[in-house]
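Colleague: I am new to this structure and would like to learn how to read it. Could you take me through it feature by feature?

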Amino acid sequence: MGEGDPPLTYGDVTGVLRFAVAAATTPVATPTPAPTPTAVAAATGTATGSGTDTLAYTGADDTGLLAWALGLLAAGGGLLVWRLRRRA
């Protein structure tokens, strides 16, 4: 192990991991910025819509998940109260 090399330890084995870093030989291409959505819609002519400003209905019902979460929270609270009364 050289000076300043921090050892790695896994179980009973200790060692040093060394690796070489080299500069990239090929230049990295800069990404081109994506066009704005209005420019894409104007270019393709597909900017028509109902104009209701609401999301489409997906059929997902989030109220069931909320009920489960509240039920589990109440059950956990009940168990805590039961544990505290049992100790007293």
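**Reading the model**

Modeller: Let us begin with F19, which lies in the loop between β2 (13-15) and α1 (37-44); helices (H or I, at least four residues) and strands (E, at least two) are DSSP runs, numbered from the N terminus. This is a predicted model, in which local features need pLDDT of at least 70 and side-chain atom pairs count only at pLDDT 80 or more, while totals for chains, interfaces and linings use all residues. Residues are numbered from 1 along each chain as its sequence is written, and side-chain values use heavy atoms, with hydrogens and water left out.

Colleague: Does F19 count as buried or exposed, and why?

Modeller: Buried means under 20% relative accessible area, exposed over 50%, and partly exposed in between (1.4 Å probe, protein chains only). F19 counts as exposed because its relative accessibility is 64%, whereas T14, found in strand β2, is partly exposed because its value is 47%.

Colleague: Which residues does T14 touch?

Modeller: Contact means heavy atoms within 4.5 Å. Not counting residues up to four places away in sequence, T14 touches P7, L8 and T9.

Colleague: Where is confidence lowest, and where is it highest?

Modeller: pLDDT is the predictor's confidence in each residue, from 0 to 100. The protein has a mean pLDDT of 76, with 73% of its residues at 70 or more; confidence is lowest in α1, at a mean of 57, and highest in helix α2 (residues 63-87), at 91.

Colleague: How does the span of α2 agree with its number of residues?

Modeller: The expected span of a helix is 1.5 Å times one less than its number of residues. The 25 residues of α2 should therefore span 36 Å, and its end C-alpha atoms are indeed 36 Å apart. The helix α2 is also hardly covered, with a count of 0 buried residues, and across the protein buried residues make up 1% of the 88 residues.
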